[in-house]
Amino acid sequence: MPGSHNDINVLHRSPLFENLAEGKAPAVNYTINGHEYNMGYFLADGIYPSWATLVKTISAPMGNKRKYFATAQEAARKDVERFFGVLQARFPIVRQPARVWDTETLALIMRACVIMYNMIVEDERVLDPDERFDGGGANVQPRHGMPTRTLSEFIEAHKKIRDKSTHFQLKEDLIEHLWNHHPDLYYMEAP
């Protein structure tokens with residue numbers, strides 16, 4: 001119904017997951033604790049489903065590893081929220097009602113604002129002239145043409161996006177990785 005777009009309804013209509021299922025999303029491959037993953041993930045709070053592409057916080061963490069993970073995950077989510085606050089303050093188009101635009105136009109507006117923000121930040125930063133436009137060492141390859149998927153491939157991709165076992169394995173791997181690779185940041189309980 002009109003006006004009933006809550007977070008979960010919007011999630012199911014998100015072009016991010018649609019692009020991933022259609023094979024249009026950028027390729028992502030990484031390994032954590034010996035497990036290979038081929039989809040990026042988003043940080044989410046507890047109301048979202050347990051999908052392979054969403055890493056939820058731990059609402060009642062037990063033990064230092066889980067407490068540290070929950071603290072770090074919530075801090076990262078707050079950073080993203082602050083970033084969108086900055087975008088809204090700097091670019092009035094972001095804070096205006098969006099019902100007049102279709103999802104493709106909204107995605108283009110957000111990408112343009114993020115790119116302009118990054119350009120402003122880079123311009124304001126004092127850099128060595130030799131470092132200024134080297135791309136930061138990123139290895140980005142342009143994609144030519146649109147990948148086409150059969151219906152069965154599309155359905156299989158949707159199953160992978162919503163895979164609960166991958167969600168839980170990824171979360172456990174991230175908890176261990178964070179704990180093992182950031183010893184100076186361990187969550188310390190009060191005595």
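**Exercise 1. The partners of H7**

Which elements do the buried residues of H7 pack against? Work it out on this predicted model, starting from the helix itself.

*Solution.*
- Step 1: find the helix. H7 covers residues 164–181, which is 18 residues. From first C-alpha to last, H7 reaches 25 Å, close to the 26 Å expected at 1.5 Å a residue.
- Step 2: pick out the buried positions. These are His 167, Leu 170, Lys 171, Asp 173, Leu 174, Ile 175, Leu 178 and Trp 179.
- Step 3: see what those residues pack against. The answer is S1, S2, strand S4 (54–56) and helix H3 (64–90).

**Exercise 2. The overall layout**

Give the order of helices and strands along the chain, and say how many residues are buried as a percentage.

*Solution.*
- Step 1: count the elements. The protein has 7 helices and 4 strands.
- Step 2: read them in sequence order. The pattern comes out as α-α-β-β-β-β-α-α-α-α-α.
- Step 3: look at burial. Of the 191 residues, 22% are buried.
- Step 4: check the range of the contacts. Take the contacts between residues at least 6 apart in sequence; 64% of them join residues at least 24 apart.

**Exercise 3. Two partners for H3**

At what angles does H3 meet H7 and H5, and which residues make each contact?

*Solution.*
- Step 1: take H7. The axes of H3 and H7 cross at roughly 95 degrees and come within 9 Å. So H3 is roughly perpendicular to H7, given that the perpendicular class runs from 65 to 115 degrees.
- Step 2: list the residues. H3 brings Asn 64, Lys 65, Arg 66, Tyr 68, Phe 69 and Ala 72, and these meet Lys 171, Glu 172, Leu 174, Ile 175, Glu 176, Leu 178 and Trp 179 in H7.
- Step 3: sort them by class. The contact of H3 with H7 has 7 nonpolar, 1 polar and 5 charged residues.
- Step 4: now take H5. H3 and H5 pack at about 90 degrees, their axes 11 Å apart. That again makes the pair roughly perpendicular.
- Step 5: list this contact too. Phe 83, Phe 84, Val 86, Leu 87 and Arg 90 of H3 meet Met 110, Cys 113, Val 114, Tyr 117, Ile 120 and Glu 124 of H5. By class there are 9 nonpolar and 2 charged residues, with no polar ones.

**Exercise 4. An oblique pair**

How do H2 and H6 cross, and which residues make the contact?

*Solution.*
- Step 1: get the geometry. Helix H2 (residues 15–22) and helix H6 (residues 151–161) have axes that come within 8 Å and cross at roughly 130 degrees.
- Step 2: name the arrangement. The two helices are therefore oblique to each other, and the crossing is right-handed.
- Step 3: find the contact. Phe 17, Leu 20, Ala 21 and Glu 22 do the job on H2, with Phe 154, Ala 157, His 158 and Ile 161 on H6. These residues divide into 6 nonpolar, 1 polar and 1 charged.

**Exercise 5. Buried or partly exposed?**

Classify Val 55, Arg 77 and Ile 120 as buried or partly exposed, and find their contacts beyond four places in sequence.

*Solution.*
- Step 1: Val 55. This residue sits in strand S4 and is buried, with a relative accessible area of 0%. Val 55 touches Tyr 41, Phe 42, Leu 43, Ala 44, Phe 69, Gln 73, His 167, Leu 170 and Leu 174. As for Asp 45, 10 residues away along the chain, its C-alpha is 8.1 Å from that of Val 55.
- Step 2: Arg 77. You'll find Arg 77 in helix H3. Its relative accessibility is 18%, so Arg 77 counts as buried, the cut-off being under 20%. Leu 43, Ala 44 and Asp 45 are its contacts.
- Step 3: Ile 120. Here the helix is H5 (residues 103–124). Ile 120 comes out partly exposed at 26%, and is in contact with Arg 90 and Phe 91.

**Exercise 6. An unusual phi**

What is notable about the phi of Asn 33, and where is the residue found?

*Solution.*
- Step 1: recall the background. Most residues other than glycine have a negative phi.
- Step 2: check the angle. Asn 33 has a positive phi of about 50 degrees, although it is not a glycine.
- Step 3: place the residue. Asn 33 is in the loop between strand S1 (30–32) and strand S2 (35–37). With 36% relative accessibility, Asn 33 counts as partly exposed.

Notes: Residues numbered from 1 in each chain as written. Predicted model: local features only at pLDDT ≥ 70, side-chain atom pairs only at ≥ 80, totals over all residues. Heavy atoms only, no water. Buried < 20%, exposed > 50% of the residue type's maximum accessible area, 1.4 Å probe, protein only. Axes fitted to C-alpha atoms, helices over the stretch in contact; angles between N-to-C directions. Parallel < 35°, antiparallel > 145°, perpendicular 65-115°, else oblique. Left-handed = near helix turned anticlockwise from the far one by under 90°. Contact = heavy atoms within 4.5 Å. Nonpolar A, V, L, I, M, F, W, Y, C, P; charged D, E, K, R; others polar. Expected span 1.5 Å × (residues − 1).
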